[in-house]
Amino acid sequence: MKLAGQVAVVTGAGRGIGRAVAVRLAREGAAVALAARSAPELDGVAGEITQAGGRALVVPTDVRQEAAVEALARRALAEWGRVDALVNAAGLATFAPVTDSKLDDWDQILAVNLRGAVLCCRAVLPAMIAQRRGTIINVGSVVTSRTLTGSAAYTASKYGLLGFSRVLAEEMRTHGVRVGVLSAGATDTPLWDAMPAAPARERMLRPDQVAEAALLMATLDPNATLEELTLLPAGGIL
Ligand SMILES: NC(=O)c1ccc[n+]([C@@H]2O[C@H](COP(=O)([O-])OP(=O)(O)OC[C@H]3O[C@@H](n4cnc5c(N)ncnc54)[C@H](OP(=O)(O)O)[C@@H]3O)[C@@H](O)[C@H]2O)c1
């Protein structure tokens with residue numbers, strides 16, 4: 001098991017990509033703190049992990065709330081004494097042309113996708129720096145390499161996340177902490193449920209494929225770092 005003895009914090013762990021990442025890291029031996037707002041969903045993921053012999057901790061968390069995010073890091077540290085990996089997969093998307101978009105949607109998307117990830121990084125970094133070891137994986141999107149009309153707020157949040165991650169990666173380079181962005185193309189998750197014209201699900205990536213890429217980033221030898229990885233469905237759907 002590639003992550004035996006290690007500890008991971010995964011946000012957005014209740015469903016979709018975050019859930020798949022949490023389950024995959026746990027299968028590789030990591031103890032995983034599961035964060036999202038919905039406790040019942042987290043309980044379901046924790047059940048799946050523990051039934052398979054893994055270790056999981058349910059920590060209902062709204063990543064928009066600084067105090068809640070700090071409590072999440074404290075819980076993981078109190079339980080297991082270290083944090084080796086943070087995967088920021090909490091996120092949301094709504095789509096509308098800029099002229100029709102609602103300011104509240106902009107605020108919510110930036111608060112979760114960008115500010116929430118920043119808060120989570122800040123919460124675990126002191127432990128990672130003290131350990132001189134850690135991997136942060138921020139889940140980005142193909143929208144930073146291919147332009148998608150109607151996605152301005154979401155695209156702005158993911159460009160923000162990418163820029164933030166690049167700066168943080170440089171700042172952490174001498175501390176033994178790796179920071180990378182895993183930019184995924186269309187992935188078949190509940191994120192698409194509310195969208196009337198979603199692309200064909202069977203042509204999207206599966207969450208377990210994104211999880212496999214996250215595992216790769218988290219398990220590279222410590223002297224190597226995968227800072228930007230774009231994973232796309234091969235079949236033309238982005
Ligand atoms: N699906 C795709 O095609 C795709 C492609 C590229 C990148 N991504 C990115 O991948 C990440 C995960 O997306 P997904 O497709 O897996 O979405 P999803 O299935 O809708 O899952 C989103 C997760 O984020 C959590 N979340 C939302 N708001 C939160 C908050 N304020 N605090 C804590 N957790 C929160 C949700 O739980 P609660 O609602 O219970 O809080 C849920 O667990 C997002 O950053 C998304 O932008 C997705």
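This briefing covers the overall fold, the ligand site, a further pocket, an internal cavity and one backbone feature of the protein.

The structure is a predicted model, and every value given below was computed from it. The protein is built from six helices and seven strands, which follow one another along the sequence in the pattern β-α-β-α-β-α-β-α-β-α-β-α-β. Its radius of gyration is 17 Å, close to the 18 Å that the globule rule gives for 238 residues, so the protein is as compact as a globular protein of that length. The C-alpha trace, taken along its principal axes, spans about 50 × 40 × 35 Å.

**Ligand site**

- The ligand is surrounded by 29 residues, and the closest of these are Ile17, Arg37, Tyr154, Thr187 and Thr189.
- Sorted by class, the residues of this shell comprise 13 nonpolar, eleven polar and five charged.
- At least two residues of the shell come from each of α1 (16–27), β5 (134–141) and α5 (152–172), and β5 gives the most, with three residues.
- Two side chains place a polar atom beside an oxygen atom of the ligand: for Thr189 the distance is 2.5 Å, while for Trp192 the distance is 2.9 Å.
- Ser38 approaches the ligand through its backbone instead, with an N or O atom that lies 2.9 Å from a ligand oxygen atom.
- Taken on its own, the ligand has 880 Å² of accessible area, and the protein covers 96% of that area.

**Second largest pocket**

- The second largest pocket has a volume of about 340 Å³, and among the 23 residues that line this pocket, those closest to its centre are Gly176, Arg178, Asp221, Pro222 and Ala224.
- Four elements, namely β5, α5, β6 (177–184) and α6 (207–219), each supply at least two residues of the lining, and the element that gives the most is β6, with three residues.
- The lining of this pocket divides by class into nine nonpolar, seven polar and seven charged residues.
- Both β5 and α5 thus appear in two settings, since each supplies at least two residues of the shell around the ligand and each also supplies at least two residues of the lining of the second largest pocket.

**Internal cavity**

- The count of cavities of 30 Å³ or more comes to one, and the largest cavity holds about 50 Å³ of space.
- The residues that line the largest cavity are Leu3, Gln6, Val7, Ala8, Ala30, Asp84, Ala85, Thr135 and Ala218.
- By class, this lining consists of six nonpolar residues, two polar residues and one charged residue.

**Backbone feature**

- Arg132 is located in the loop that runs between α4 (103–131) and β5, and although Arg132 is not a glycine, its phi is positive, at about 55°.
- As background for this value, most residues other than glycine have a negative phi.

Technical notes: Residues are numbered from 1 along each chain as its sequence is written. This is a predicted model: local features need pLDDT of at least 70, side-chain atom pairs count only at pLDDT 80 or more; totals for chains, interfaces and linings use all residues. Side-chain values use heavy atoms; hydrogens and water are left out. A residue is near a molecule or strand if one of its heavy atoms lies within 4 Å of it. A polar contact is a pair of N or O atoms within 3.5 Å; within protein, one must be able to donate a hydrogen and the other to accept it, and residues adjacent in sequence count only if both atoms are side-chain atoms. Accessible areas come from the Shrake-Rupley method with a 1.4 Å probe; for residues, only the protein chains shown count as cover. Ala, Val, Leu, Ile, Met, Phe, Trp, Tyr, Cys and Pro count as nonpolar, Asp, Glu, Lys and Arg as charged, and the others, Gly among them, as polar. On a 1 Å grid over the protein atoms alone, a cavity is a set of points where a 1.4 Å probe fits but cannot get out, and a pocket is an open set with protein on both sides within 12 Å along at least five of seven lines; lining residues have an atom within 4 Å of a point. Grid points are joined across faces, edges and corners, and a volume is the space filled by probe spheres set on the points. The radius of gyration is taken over C-alpha atoms; the globule rule is 2.2 Å times the number of residues to the power 0.38.
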